[in-house]
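Student: I should like a close look at one part of this model, namely the aromatic ring pairs and the helix packing around them. Please set that part within the chain as a whole.

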Amino acid sequence: MKQWKKLAGSLLTALVILLAAFLVFRNHAGEIMESLLSVPAGGAAALLALAAVYQLLESGVCASLVRVRLPAFSFQEAMEVTFLGVFGNVATLAVGSIPMQSLRLRESGLTIGHGVGLMTVEYIFHKASILLYATVMLLFQGGWLRHTAPDLRRYLLLGYGICIVITGALVLVCAWERPERLALRLIDLLPRTEKWEARKSAWRVNLESLCTESRNVLKNRACCGRILLLNGGKLLCLYTAAYLAARLMGGPSFWQAQLLAALMLLIASALPNVAGVGPAEFAFLLLFGRYMPAAQASAALILYRAATYFFPFAVSILFVLRAQRRAWEP
């Protein structure tokens with residue numbers, strides 16, 4: 001019965017996404033299709049290459065983190081963990097992403113709790129890198145943005161505010177014992193029923209593992225520096241993919257697109273989403289749509305999401321099948 005409910009939920013989500021796409025693109029369907037058909041094969045290949053390099057750098061981040069605990073952890077294993085996360089984010093509406101990754105890490109010798117902790121540390125570094133990148137872009141090009149789109153300030157404040165609160169709270173809990181003790185006390189205040197006791201126990205284990213792993217990583221300055229550099233590189237690839245998708249449709253220049261893409265991810269990461277869909281599309285059209293005709297901006301969005309969302313998901317299916325085949329082997 002639970003499987004049928006999950007399947008029904010996934011189908012309902014897919015229908016909602018398709019309906020939203022229809023409502024967004026229906027008025028410019030002919031122009032969008034014409035623009036997409038004009039994209040040269042080389043441009044499409046470059047977009048896919050940027051998306052592939054992004055995932056390779058993400059795998060490098062994963063490998064760097066896990067090797068703090070497991071020095072023999074290979075890059076190939078990190079790739080599998082990364083793509084299992086991609087698959088879980090889409091196929092399970094983000095609920096199964098970290099569980100799938102932590103189960104794979106258990107095969108490599110890491111306990112479930114410590115695997116969850118390391119994947120959460122990776123998420124914290126990712127959020128912090130988004131903030132840093134957007135801040136640097138604003139320092140160099142904030143004047144251009146204020147001059148051309150002064151009304152975007154409220155969206156930027158929302159994105160900054162939520163990202164800072166989330167990242168700051170996680171960093172405090174991970175790096176300082178007092179917030180950790182406070183969080184544990186708050187967990188203890190929850191109801192004492194059998195169902196809640198099981199949840200509280202799991203949350204305590206995950207929190208303690210998160211704090212243990214984060215402190216181990218933070219002690220290793222070389223590892224922290226390497227992770228920040230890899231995150232900077234992967235964001236550069238992601239934002240360059242947005243630039244290329246927009247440029248193929250006559251969009252803004254490279255550095256202008258870098259700023260817009262950085263702000264796009266900042267805004268999108270502050271909004272609720274279903275399987276990674278919704279806020280990114282809204283933010284892309286909100287920002288790039290100011291500097292491009294509506295049909296061309298929509299076509300650029302389709303190119304960008306096809307390369308950075310659907311293409312990695314398609315590749316992740318191969319990694320899932322490989323993991324399943326290994327699990328079935330005697």
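Tutor: The account below goes from the whole chain to the ring pairs, then to one covered helix, one helix crossing and three single residues.

This is a predicted model, in which local features need pLDDT of at least 70 and side-chain atom pairs count only at pLDDT 80 or more, while totals for chains, interfaces and linings use all residues. Residues are numbered from 1 along each chain as its sequence is written, and side-chain values use heavy atoms, with hydrogens and water left out.

The protein chain has 13 helices and zero strands, where helices (H or I, at least four residues) and strands (E, at least two) are DSSP runs, numbered from the N terminus. Of its 330 residues, 45% count as buried. Buried here means under 20% relative accessible area, exposed means over 50%, and partly exposed lies in between (1.4 Å probe, protein chains only). The accessible surface of the protein chain is about 17,100 Å², and 68% of this belongs to carbon and sulfur atoms; such areas come from the Shrake-Rupley method with a 1.4 Å probe, and for residues only the protein chains shown count as cover. Contact means heavy atoms within 4.5 Å. Among contacts between residues at least 6 apart in sequence, 71% join residues at least 24 apart.

Turning to the rings, those of Phe, Tyr and Trp (its six-membered ring) pair if their centres lie within 6.5 Å; planes under 30 degrees apart count as stacked, over 60 as edge-to-face and the rest as tilted. The count comes to 10 aromatic pairs. One of them is the stacked pair of Phe-83 and Phe-319, at 4.6 Å centre to centre and with 5 degrees between the planes. Because Phe-83 lies in helix α4 (residues 75-91) and Phe-319 in helix α13 (residues 294-328), this pair ties together parts that are 236 residues apart in sequence. Both Phe-83 and Phe-319 are buried. The rings of Phe-284 and Tyr-304 have their centres 5.6 Å apart and their planes at 25 degrees, so this pair is stacked. Phe-284 belongs to helix α12 (residues 279-288) and Tyr-304 to helix α13, so the parts tied together here are 20 residues apart in sequence. Phe-284 and Tyr-304 are likewise buried.

Elsewhere, ring pairs join Tyr-243, Phe-254 and Trp-255 into a cluster. A ring also meets a charge: the charged end of Arg-199 sits over the ring of Trp-196, 4.8 Å from its centre. A charge sits over a ring if NZ of Lys or CZ of Arg is within 6 Å of the ring centre and within 35 degrees of the ring normal.

The helix that carries Phe-284 deserves its own description. Helix α12 is mostly covered, with eight of its 10 residues buried. Among them are Pro-279, Ala-280, Phe-284 and Phe-288. The cover over the buried residues of α12 includes α7 (153-175), α10, α11 (254-269) and α13.

Helix α10 (residues 221-247) also packs with helix α6 (residues 112-148), at an angle of about 65 degrees and with their axes 10 Å apart. Axes are lines fitted to C-alpha atoms, for helices over the stretch in contact, and angles run from 0 to 180 degrees between N-to-C directions. The crossing of α6 and α10 is right-handed; a crossing is left-handed if the near helix is turned anticlockwise from the far one by less than a right angle, and right-handed if clockwise. The contact involves Phe-125, His-126, Ser-129, Ile-130 and Tyr-133 of α6, and residues of α10 including Cys-224, Asn-231, Lys-234 and Tyr-239.

Within α6, His-126 is buried, with a relative accessible area of 18%. Not counting residues up to four places away in sequence, His-126 touches Tyr-54, Asn-231, Lys-234 and Leu-235.

Two further residues complete the picture. Leu-48, in helix α3 (residues 41-67), counts as partly exposed at 34% relative accessibility. Leaving aside neighbours within four places in sequence, Leu-48 is in contact with Ala-307 and Phe-311. The C-alpha atoms of Leu-48 and Leu-303 are 9.7 Å apart, although 255 residues separate them along the chain. Ala-222, in helix α10, is exposed, with a relative accessible area of 52%. Its C-alpha atom is 9.9 Å from that of Ser-64, 158 residues away along the chain.
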